[in-house]
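I opened this entry to record what I looked up, starting with the sheet and ending with the charged pairs.

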Amino acid sequence: MTHRVSAQYRVVPTVTFQEDIERREEHIIQRELASNTPDDTCLFRFRDALERAMAILSFAPHTCRRSEEQRGFRELVIPFDHGGCVALFAIRDFDVILLAARDQHERDYR
């Protein structure tokens, strides 16, 4: 019996996705600066969460849920602190195209 090793997917962020992540990072920074007890590791922890999410997408993107609003796409919840964000992506052959990201509590992508 032979076992086929899962193919490695290439994760490709779009400019929109990168801008969405930059907005999330700016929000995290502003939130911590306004806090009475700022957490100087918060941004690093967010980036670690993103890195773990990208590892999932590079290995098993089909395990992520289908988008309810856009059935041709999938979503990955990226847990972080008391919420997190949701990445919208498409699978094209062996590429995972990151399309957008939103706060987990937002209703839809911009």
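**Sheet.** I began with the strand order: five strands make an open sheet, S1-S5-S4-S3-S2, with mixed pairing. I noted S1 and S2 (65-66) as the edge strands, each pairing on one side only. The model is a predicted one, and I read every entry below with that in mind.

I then went through the pairings. S1 (residues 10-13) runs parallel to S5 (residues 95-103) over four bridges, and in that pair valine 11 has valine 96 as its bridge partner. S4 (residues 83-92) is antiparallel to S5 over eight bridges; here cysteine 85 stands opposite aspartate 103. At the other edge, S2 and S3 are antiparallel over two bridges, and arginine 66 faces arginine 74 of S3.

**Turn.** I looked at the connection from S4 to S5, which is a hairpin with two residues between the strands. Aspartate 93 sits in that loop. Its phi is near 55 degrees, a positive value in a residue other than glycine. I flagged this because most residues other than glycine have a negative phi. Is aspartate 93 buried or exposed? Aspartate 93 is exposed, because its relative accessible area of 71% is over the 50% cut-off.

**Helices on the sheet.** I checked what each helix touches. H1 lies across S1, S3, S4 and S5, and runs at about 35 degrees to S5. H2 also packs on the sheet, touching S1, S3, S4 and S5, and its direction makes about 150 degrees with that of S3.

**Core.** I listed the largest nonpolar core next. It has 21 residues, of which Phe46, Leu57, Leu76, Ile78 and Phe89 touch the most other members. The elements giving two or more residues to this core are H1 (15-34), H2 (42-59), S3 (74-80), S4 and S5. Which element gives the most? I found that to be H2, with six residues. For background, I noted that nonpolar side chains tend to be buried together in soluble globular proteins.

I followed leucine 57 further. Beyond its neighbours within four places in sequence, leucine 57 contacts Tyr9, Val11, Cys64, Leu76, Phe89, Val96 and Leu98. I also looked up isoleucine 56, which is in H2. Isoleucine 56 is partly exposed at 41% relative accessible area. Its C-alpha atom is 9.7 Å from that of tyrosine 9, although the two are 47 residues apart along the chain.

**Salt bridges.** I counted 10 salt bridges. I followed those around arginine 31, which is partly exposed at 32% relative accessibility. Arginine 31 pairs with glutamate 32, with 3.1 Å between the closest N and O atoms. Glutamate 32 is buried, with a relative accessible area of 13%.

Arginine 31 also meets aspartate 81 in a salt bridge, at 3.4 Å from N to O. Aspartate 81 lies in the loop between S3 and S4 and arginine 31 in H1, so this pair ties together parts that are 50 residues apart in sequence. Aspartate 81 is partly exposed, at 41%.

A salt bridge also joins aspartate 81 to arginine 45, at 3.0 Å from N to O. Since arginine 45 is in H2, this pair ties the loop between S3 and S4 to a part 36 residues away in sequence. Arginine 45 is partly exposed, with a relative accessible area of 32%. I closed with the network: salt bridges that share partners join Arg31, Glu32, Asp39, Arg45 and Asp81.

Note on methods. Residues are numbered from 1 along each chain as its sequence is written. This is a predicted model: local features need pLDDT of at least 70, side-chain atom pairs count only at pLDDT 80 or more; totals for chains, interfaces and linings use all residues. Side-chain values use heavy atoms; hydrogens and water are left out. Two strands pair if DSSP finds at least two bridges between them. A nonpolar core is a set of buried Ala, Val, Leu, Ile, Met, Phe, Trp, Tyr and Cys residues joined through side-chain atoms within 4.5 Å. Buried means under 20% relative accessible area, exposed over 50%, partly exposed in between (1.4 Å probe, protein chains only). Contact means heavy atoms within 4.5 Å. Axes are lines fitted to C-alpha atoms, for helices over the stretch in contact, and angles run from 0 to 180 degrees between N-to-C directions. A salt bridge is a side-chain nitrogen of Lys or Arg within 4 Å of a carboxyl oxygen of Asp or Glu.
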